[in-house]
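Please read this report alongside the coordinates, since it moves from a single helix to the packing around it.

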Amino acid sequence: MTHLNYIIAGWLITFLGIGLYISYVIAAAKRLSPQVPAEYRRWMESPNIDLLDSSNQGGLGTAETSSTNTNSEHK
Amino acid sequence: MNQNKDIKANTSGAPSGQNSAEAALSAGVADCWGSAAVDAAGTDTGPFSTSSRNTNLFGLLILAGFIAVFLLAFFVVEADRVQGDVVRLMFVHVPVAVVPYLAFGITAIGSIAVLLKRSQWWDVVASSSAEIGVLFGALTLITGSIWGRPTWNTWWEWGDVRLMTSLVLFLMFAGYLAYRRSMTDTEIRARRSAVLALIATLNLVLVNRSVEWWQNRTLHQQSTLAEGRMENMTLFTLMLAIVVFMSLFGWLLVQRFRLGWLAHQIETLGLEAQIAQRRQQAASGYREAVTQLQPGQSQSGQSQSGRVEK
């Protein structure tokens, strides 16, 4: 195989860059998640939150789950 | 960071109302406790990540896709007649170069939504997408340079319009991210960075059409994908690689959005906690001032009345 150095460098840098970025996102998520109450992490599976509810967009749960939904002001 | 520590201290356990900041947080989220992630003692048991079951499954599918692309690119696709084996760089460079179009396109859509709806949700989407776009923009420039060395005998050509417009696009969105970091007010940051993103997105057209508009000022070939000049297996592998990289972008966007949303929550909750704390301090300070002033007020009242009598 010709130009093997270039081929390896190209593939390696691509996946190294993506891998480093994924590591950064995962590490930052691990750091920030404990600082946010459980119900405010909207992707978590919880019977109280309907993620398919379009009115939920930009907010933090439906009216049933949070009567004092402070973040809805920031829509 | 101190603000973050305060929030961490206040949300790590059950809301007990020990201090004003905790009380403020508890007031906002008290009726949110009790989900599956909070145990009987009220302790948040996680998971502390941006992953969910669906994203994990999607991630595994993408990983399988990458393995397939790798096997096809190195063991099935034959070397190019002109370029030889170095053509295998195409299976990373071209898909990686496609992703910024998608990423910055979503940033533009999010920015328009920010300006129209004043939505913080869209602001997080736009900034998350832009960050991934910048990552892939950098990878495009690097892999293109590596591919250019054996093909064009140069790492970089300053006169190439495709290279220069791609570099300008990368720098503009890197500037967009830097600008966002310099702003603290979320509303102003969202609006101004949305305008900046829309201006930067105009460059996408230049990047895409540059090889058509300035044919004699680029080393890049014109678009040949639709002409069907590639061999079937090469074309299939390239298309698969594009699909897999675009799926990876989707996965990354979900993860990065969730991270951005966490940061947004911390900003919002921290601000509200601080406001509540200030209000309580002001109220208690006012009460203290009133009790201290009461005897003095009566004295001054007497003297005033004395002056009036005089």
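## The helix α5(B)

How far apart are the end C-alpha atoms of α5(B), and what span should its 33 residues have at 1.5 Å a residue? In this model, which is predicted, the end C-alpha atoms of α5(B) are 45 Å apart, and because 33 residues at 1.5 Å each should span 48 Å, the two values agree.

At the start of this helix, the backbone nitrogen of Trp121(B) has a side-chain oxygen of Ser119(B) within 3.2 Å, while the residue that follows α5(B), Asn153(B), has a positive phi near 65°. Between these ends α5(B) is mostly covered, with 27 of its 33 residues buried.

## Two buried polar residues

Gln120(B) belongs to helix α5 of chain B, and because its relative accessible area is 2%, under the 20% cut-off, it is buried. The C-alpha atom of Gln120(B) is separated by 8.1 Å from that of Thr186(B), although the two residues are 66 residues apart along the chain.

Arg180(B) lies in helix α6 of chain B, which covers residues 161–182. Its relative accessibility is 10%, and since buried means under 20%, Arg180(B) counts as buried too. Leaving aside residues up to four places away in sequence, Arg180(B) touches Asp123(B), Ser127(B), Arg189(B) and Ser193(B).

## Packing of α4(B) against α7(B)

Two packed helices are described by the angle between their axes and the distance between the axes. For α4(B) and α7(B), the latter spanning residues 186–213, the angle is about 145° and the axes are 8 Å apart; the crossing is left-handed. Residues of α4(B) that take part include Pro100(B), Phe104(B), Ala108(B), Ile112(B) and Leu115(B), and among those they meet on the side of α7(B) are Ala190(B), Ala194(B), Leu198(B), Leu204(B) and Val207(B).

## Nonpolar cores

The largest nonpolar core has 46 residues, and the members that touch the most others are Trp11(A), Leu89(B), Phe136(B), Phe245(B), Leu248(B) and Leu252(B). At least two residues each come from α1 of chain A (4–32) and, in chain B, from α3 (53–76), α4 (90–117), α5 (120–152) and α8 (232–309). The helix that gives the most to this core is α8(B), with 14 residues. Apart from this core lies another one, of 15 residues, among them Ala130(B), Leu169(B), Phe173(B) and Ala197(B).

With residues up to four places away in sequence not counted, Trp11(A) touches Val69(B), Phe70(B), Ala73(B), Phe74(B), Arg88(B), Leu89(B), Phe91(B) and Val92(B).

Terms used: Residues are numbered from 1 along each chain as its sequence is written. Chains are lettered from A and ligands numbered from 1 in the order in which they are written. This is a predicted model: local features need pLDDT of at least 70, side-chain atom pairs count only at pLDDT 80 or more; totals for chains, interfaces and linings use all residues. Side-chain values use heavy atoms; hydrogens and water are left out. A nonpolar core is a set of buried Ala, Val, Leu, Ile, Met, Phe, Trp, Tyr and Cys residues joined through side-chain atoms within 4.5 Å. Buried means under 20% relative accessible area, exposed over 50%, partly exposed in between (1.4 Å probe, protein chains only). Helices (H or I, at least four residues) and strands (E, at least two) are DSSP runs, numbered from the N terminus. Contact means heavy atoms within 4.5 Å. The expected span of a helix is 1.5 Å times one less than its number of residues. A polar contact is a pair of N or O atoms within 3.5 Å; within protein, one must be able to donate a hydrogen and the other to accept it, and residues adjacent in sequence count only if both atoms are side-chain atoms. Axes are lines fitted to C-alpha atoms, for helices over the stretch in contact, and angles run from 0 to 180 degrees between N-to-C directions. A crossing is left-handed if the near helix is turned anticlockwise from the far one by less than a right angle, and right-handed if clockwise.
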